Amino acid sequence: MKALVTVMPKPSVLDPQGAAAAQAIRHHGLEKIGRVRIGKVIEIELPEAADEKLLHEIARDLLSNPVIEDYCLKVLP
Amino acid sequence: MKFAVLRFPGSNCDQDCVHALSAMPGASADYVWHKDTSLAGFDAVVIPGGFSYGDYLRCGAIARFSPIMKSVKDFAASGGPVIGICNGFQILCESGLLPGALVRNRGLHFVCKHVGLRVERNDSRFTNAAASGRILNIPIAHGEGCYFADDDTLEGLNADGQILLRYCDTQGRVSEDANPNGSRENIAGIRSKSGNVFGLMPHPERACDPLLGSTDGLAIFESMIGE
């Protein structure tokens, strides 16, 4: 099993990396794009079924910072 | 006043802090390893700059869970003065001892230069040796120093007089041009509501010797020692 935690900057937080990437994407010919946001994906290997409540706590308190980021947790078989 | 200078794996301004503080009258300083759990015998805590845990995950995110941080929280809760410089400021925000967060600089570059800092108020344990409105010349050196807080938090910081330092030009004007990293409202340093926890991105310990081009950093430490 695997847990995938996706962490994204909150819409209200400045994301200069995303803005720079958006500019580069436009230079590559895809001009009609909206905002680009850059986050990260954290993959956790789970040898056995894990307590999902604990996974959420870890995603919220360690893997993301709720002041600036939102997270999304997915547990895959 | 005896300062505890914390050391995490990746701290790199710890020696500068001990060097600067040890040279000041009325002060002494010693290192405290992040795995220690006691601050007994110390009167103040310095969380120095650097790249604790290689800045992995987020700056300060892992250091926040080091054993010594539990003692720092207790120390702060009992009214003890805590100052976090650069990475130390990031750790204080991550640990919830200060509001807001520090994110990637607006220009994406690591910025290393002397900046002007306007002392917003001097009725604090960290700025009382500087006149209000005085401009301090202190260097910054960071890639993630853009202070972010939501509108409500920002309103609270202003209403409660928690903003102690703002980036300014040589005339003391707080302008976009004088903002090196995109921080909201040019914020360079804030204190906690209780007043005894202070975080700032600039490095006062690098401005304590005329050889280094400025001695304005002394005002911060003198304020703490004079308390």
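Let me start with burial in chain A: of its 77 residues, 10% are buried. Please keep in mind throughout that what we are looking at is a predicted model.

Staying with chain A, there are two helices and three strands, and, read from the N terminus, these elements follow one another as β-α-β-α-β. The radius of gyration of this chain is 16 Å, whereas the globule rule for 77 residues gives 11 Å, so chain A is more spread out than a compact globule. If you look at the C-alpha trace along its principal axes, chain A spans about 45 × 25 × 15 Å. As for its internal contacts, if we take those between residues at least 6 apart in sequence, 65% of them join residues that are at least 24 apart.

Now to the place where the two chains meet. On the chain A side there are 11 residues in contact with chain B, and on the chain B side the contacts involve 14 residues. Helix 1, residues 16-27, and helix 2, residues 52-63, each supply at least two residues of the side of chain A that touches chain B, and helix 1 of chain A gives the most to that side, with three residues. What is the make-up of the side of chain A that touches chain B, in terms of nonpolar, polar and charged residues? It divides into eight nonpolar residues, three polar ones and no charged ones.

Let me turn to chain B and its sheet. This is an open sheet of nine strands, with mixed pairing, and the strand order is 2-1-3-4-11-10-9-6-7. Strand 2, residues 28-33, and strand 7 of chain B are the edge strands, each of them pairing on one side only, and from one strand to the next the twist averages 25°. Strand 1 of chain B, which covers residues 2-7, pairs with strand 2 of chain B in the parallel sense, over six bridges.

Within that pairing I would single out B:Leu6, whose bridge partner in strand 2 of chain B is B:Val32. Leaving out residues up to four places away in sequence, B:Leu6 touches B:Val32, B:His34, B:Val45, B:Val46, B:Ile47, B:Pro48 and B:Ile68. As general background, nonpolar side chains tend to be buried together in soluble globular proteins. In this model the largest nonpolar core has 72 residues, and those that touch the most other members are B:Val5, B:Leu6, B:Val45 and B:Val46.

Finally, two loop residues of chain B. B:Arg125 sits in the loop between strand 6, residues 111-119, and strand 7, residues 135-142, and it counts as partly exposed because it has 18 C-beta neighbours inside 10 Å. Apart from neighbours within four places in sequence, the contacts of B:Arg125 are with B:Pro81, B:Gly195, B:Asn196, B:Ser223, B:Met224 and B:Glu227. Between the C-alpha atoms of B:Arg125 and B:Cys59, which are 66 residues apart along the chain, the separation is 26 Å.

The other residue is B:Leu211, in the loop between strand 11, residues 197-200, and helix 5, residues 218-226, of chain B. Why does B:Leu211 count as exposed? The reason is its count of 6 C-beta neighbours inside 10 Å, given that a residue is called exposed at 12 or fewer. Its C-alpha atom and that of B:Ser95, 116 residues apart along the chain, are separated by 35 Å.

Definitions and conventions: Residues are numbered from 1 along each chain as its sequence is written. Chains are lettered from A and ligands numbered from 1 in the order in which they are written. This is a predicted model: local features need pLDDT of at least 70, side-chain atom pairs count only at pLDDT 80 or more; totals for chains, interfaces and linings use all residues. Helices (H or I, at least four residues) and strands (E, at least two) are DSSP runs, numbered from the N terminus. The radius of gyration is taken over C-alpha atoms; the globule rule is 2.2 Å times the number of residues to the power 0.38. A residue is buried if 20 or more other C-beta atoms lie within 10 Å of its own, exposed if 12 or fewer, and partly exposed in between; C-beta atoms are placed from the backbone. Two residues are in contact if their C-beta atoms, placed from the backbone, lie within 7 Å. Ala, Val, Leu, Ile, Met, Phe, Trp, Tyr, Cys and Pro count as nonpolar, Asp, Glu, Lys and Arg as charged, and the others, Gly among them, as polar. A nonpolar core is a set of buried Ala, Val, Leu, Ile, Met, Phe, Trp, Tyr and Cys residues joined through C-beta atoms within 7 Å. Two strands pair if DSSP finds at least two bridges between them. Axes are lines fitted to C-alpha atoms, for helices over the stretch in contact, and angles run from 0 to 180 degrees between N-to-C directions.
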